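User: I would like a close look at one part of this model. Please keep the sentences short and build the picture outward from the sheet.

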Amino acid sequence: MQDEKKMKVKKGCVAVQVGLEAEDGGFQRFVIPISCLYHHLFKQLLDKAYEVYGYHSNGPLMLPCSVDDFLHLRWRIERETSSNSHHHQHSNHQCQRSSSFSFSSCS
């Protein structure tokens, strides 16, 4: 039952496995907001995942990049979206959209 709780993902989030087979640490699981899948930087990683793994998978979404590269991508997305919300505070729609990229909401 503990393992079952550990595997659950909050609503609005998706679990991904990140890592390269050659990496010492192997694959690492992250939980990210589904909205991140639509970010232009993340879409490039999804295209690469398709090239490497195809669309059909019997498990979590596998991302073919190092954990360090994924963490850097996550930082860039958070920085870009927080920057956008500061520059466009007059637009409620933009602020709501930017906040939907928060990785902390899925922790």
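In which sense do S1 and S2 pair, and over how many bridges?

Analyst: This is a predicted model. S1 and S2 pair in the antiparallel sense, and 6 bridges join them. Within that pairing, Val 14 faces Ile 32 of S2.

Now the sheet as a whole. Three strands make it up, in the order S2-S1-S3. The sheet is open, and its pairing is mixed. Strand S2 covers residues 28-33, and strand S3 covers 61-63. Both stand at the edges. Each has a single partner strand, so one side of each lacks a neighbour in the sheet. On average, neighbouring strands are turned by 40° against each other, with direction ignored.

Next, one residue of S1. Strand S1 spans residues 13-18, and Gln 17 is part of it. Gln 17 has 18% relative accessibility. The limit for buried is under 20%, so Gln 17 counts as buried. Beyond four places in sequence, Gln 17 touches Phe 27, Gln 28 and Arg 29. Gln 17 also touches Pro 60, Leu 61, Met 62 and Leu 63. Of these contacts, Gln 28 and Arg 29 fall in S2, while Leu 61, Met 62 and Leu 63 make up S3.

Helix H2 comes next. H2 runs from residue 40 to residue 53 and lies across S2 and S3. Its angle to S3 is about 100°.

Then the core. The largest nonpolar core has 15 residues. Val 16, Val 18, Phe 42, Leu 45, Leu 63 and Phe 70 touch the most other members. S1, S2, H2 and helix H3 (67-87) each supply at least two residues of this core.

Phe 70 deserves its own look. Phe 70 is buried, at a relative accessible area of 1%. Leaving out neighbours within four places in sequence, Phe 70 is in contact with Val 16 and Val 18. Phe 30 and Ile 32 are also among its contacts. So are Phe 42, Leu 45, Leu 63 and Cys 65.

The aromatic rings add detail here. The structure holds 3 aromatic pairs. One of them joins Phe 30 and Phe 70, with ring centres 4.7 Å apart. Their planes meet at 45°, so this pair is tilted. Phe 30 sits in strand S2 and Phe 70 in helix H3, so the pair ties together parts 40 residues apart in sequence. Phe 30 is buried as well, at 10% relative accessibility. Phe 30, Phe 42 and Phe 70 form one aromatic cluster.

Tyr 50 and Tyr 55 form another tilted aromatic pair. Here the centres are 4.3 Å apart, and the planes make an angle of 35°. Tyr 50 is partly exposed, at 43% relative accessibility. Tyr 55 is exposed, at 67%.

Last, the cysteines. Cys 65, a contact of Phe 70, is buried, with a relative accessible area of 10%. Cys 36 is buried too, at 0% relative accessibility. A search of the whole structure finds 0 disulfides.

To recap, the S1 and S2 pairing is antiparallel. S2 and S3 stand at the sheet edges, and H2 lies across both. Phe 70 of H3 is in contact with Val 16, Phe 30, Phe 42 and Leu 63, among others.

Key:
Residues numbered from 1 in each chain as written. Predicted model: local features only at pLDDT ≥ 70, side-chain atom pairs only at ≥ 80, totals over all residues. Heavy atoms only, no water. Helix = DSSP H or I, 4+ residues; strand = E, 2+ residues; numbered from the N terminus. Buried < 20%, exposed > 50% of the residue type's maximum accessible area, 1.4 Å probe, protein only. Contact = heavy atoms within 4.5 Å. Pairing = 2+ DSSP bridges. Axes fitted to C-alpha atoms, helices over the stretch in contact; angles between N-to-C directions. Core = buried A, V, L, I, M, F, W, Y, C linked by side-chain atoms within 4.5 Å. Disulfide = S-S within 2.5 Å. Phe/Tyr/Trp six-rings, centres within 6.5 Å; stacked < 30°, edge-to-face > 60°.
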